[in-house]
Amino acid sequence: MKRFLGALLALLMMTGPAAAHTTLQSTSPASGAVLTRSPEQVTMTFGEPTRLTSVALVTASSERRLSFTPSGSATTFTITAPALVAGRNELRWRALSRDGHPVEGSIILVVRPPNR
Ligand SMILES: [Cu+2]
């Protein structure tokens with residue numbers, strides 16, 4: 001009985017909210033940043049090794065896929081020359097946690113060119 005309860009507890013710990021999958025810990029520039037021009041790169045850092053599967057740049061007028069490195073499992077990914085547009089840019093990302101769970105989120109970056 002004790003062994004059964006132990007197994008049950010282990011199962012609950014595996015499937016319950018305690019088995020949190022990875023989260024995006026930080027990005028550079030940080031989500032919510034207001035920039036004067038498109039950054040040379042955007043980096044994304046996860047809490048544990050993660051497989052980033054897609055990043056789409058969604059703006060008021062368009063949507064396109066962005067490439068990133070590395071292509072395999074890592075904690076930090078780099079998007080080089082994302083070519084953000086003036087206004088609101090949403091980087092919609094999808095990834096696979098080490099535990100196999102899909103995770104997703106958005107990074108919002110605003111580009112506001114200085115007045116001339
Ligand atoms: Cu998970």
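These legends go with a set of close-up views of a predicted model.

**View 1. The whole chain: one helix and seven strands.**
Start here to get your bearings. Following the sequence, you meet the pattern α-β-β-β-β-β-β-β. The chain has 116 residues, and 17% of them count as buried. Take the contacts in the chain with a separation of 6 or more: 64% of them are between residues 24 or more positions apart.

**View 2. The largest nonpolar core, with 16 residues.**
Which residues have the most contacts inside this core? They are Met 44, Leu 52, Val 55, Phe 68, Leu 91 and Trp 93. At least two core residues come from each of these strands: E3 (41-58), E5 (73-80), E6 (87-96) and E7 (102-111). E3 gives the largest share, six residues. As background, nonpolar side chains in soluble globular proteins tend to be buried together.

**View 3. Leu 91 and its contacts from elsewhere in the sequence.**
Here we zoom in on one of the core residues with the most contacts inside the core, Leu 91. Skip the neighbours within four places in sequence, and Leu 91 is in contact with Val 42, Val 55 and Leu 57, and also with Ser 106, Ile 107 and Leu 109. Val 55 is itself on the list of residues with the most contacts inside the core.

**View 4. E6 paired with E3 and with E7.**
How many bridges link E3 and E6? There are seven, and the two strands pair in the antiparallel sense. To find your place on this pairing, look for Ser 54, which stands opposite Arg 94 in E6. E6 also runs antiparallel to E7, and ten bridges join these two. Two handy markers there are Gly 87, which sits opposite Val 111 in E7, and Trp 93, whose bridge partner in E7 is Gly 105. Trp 93 also turns up among the core residues with the most contacts.

**View 5. The hairpin turn between E6 and E7.**
Five residues lie between the two strands of this hairpin. The one to pick out in the turn is Gly 100, with a positive phi of about 90°.

**View 6. E2 alongside E7, a parallel pair.**
Do E2 and E7 run parallel or antiparallel? They run parallel, joined by two bridges. Val 34 is a good place to look, as its bridge partner in E7 is Val 110.

**View 7. The loop between E5 and E6, with Pro 82.**
Is Pro 82 buried or exposed? Pro 82 counts as buried because it has 20 C-beta neighbours inside 10 Å, and 20 or more is what it takes to be called buried. Leaving out residues up to four places away in sequence, Pro 82 touches Ser 38, Pro 39, Val 42, Leu 57 and Leu 66. Pro 39 is 43 residues away along the chain, yet the C-alpha atoms of Pro 82 and Pro 39 are separated by 7.3 Å.

**View 8. Ala 81 and Ala 83, in the loop between E5 and E6.**
Ala 81 isn't a glycine, but it has a positive phi of about 45°. Ala 83 isn't one either, and its phi is positive too, at about 50°. Why does Ala 81 count as exposed? Ala 81 has 12 other C-beta atoms within 10 Å, and a residue with 12 or fewer is called exposed. Ala 83 has 10 C-beta neighbours inside 10 Å, so it counts as exposed as well.

**View 9. Ser 73 in strand E5.**
What does Ser 73 touch, if you don't count residues up to four places away in sequence? The answer is Pro 49, Thr 50 and Arg 51. Ser 73 and Arg 51 are 22 residues apart along the chain, with their C-alpha atoms separated by 4.4 Å. Ser 73 counts as partly exposed because it has 14 C-beta neighbours inside 10 Å.

**View 10. The cis peptide bonds at Pro 29 and Pro 70.**
Going from Ser 28 to Pro 29, the peptide bond is cis, with omega near -5°. Pro 29 sits in the loop between strand E1 (24-28) and strand E2 (34-35). The bond from Thr 69 to Pro 70 is also cis, again with omega near -5°. You'll find Pro 70 in the loop between strand E4 (63-66) and E5.

Methods:
Residues numbered from 1 in each chain as written. Predicted model: local features only at pLDDT ≥ 70, side-chain atom pairs only at ≥ 80, totals over all residues. Core = buried A, V, L, I, M, F, W, Y, C linked by C-beta atoms within 7 Å. Helix = DSSP H or I, 4+ residues; strand = E, 2+ residues; numbered from the N terminus. Contact = placed C-beta atoms within 7 Å. Pairing = 2+ DSSP bridges.
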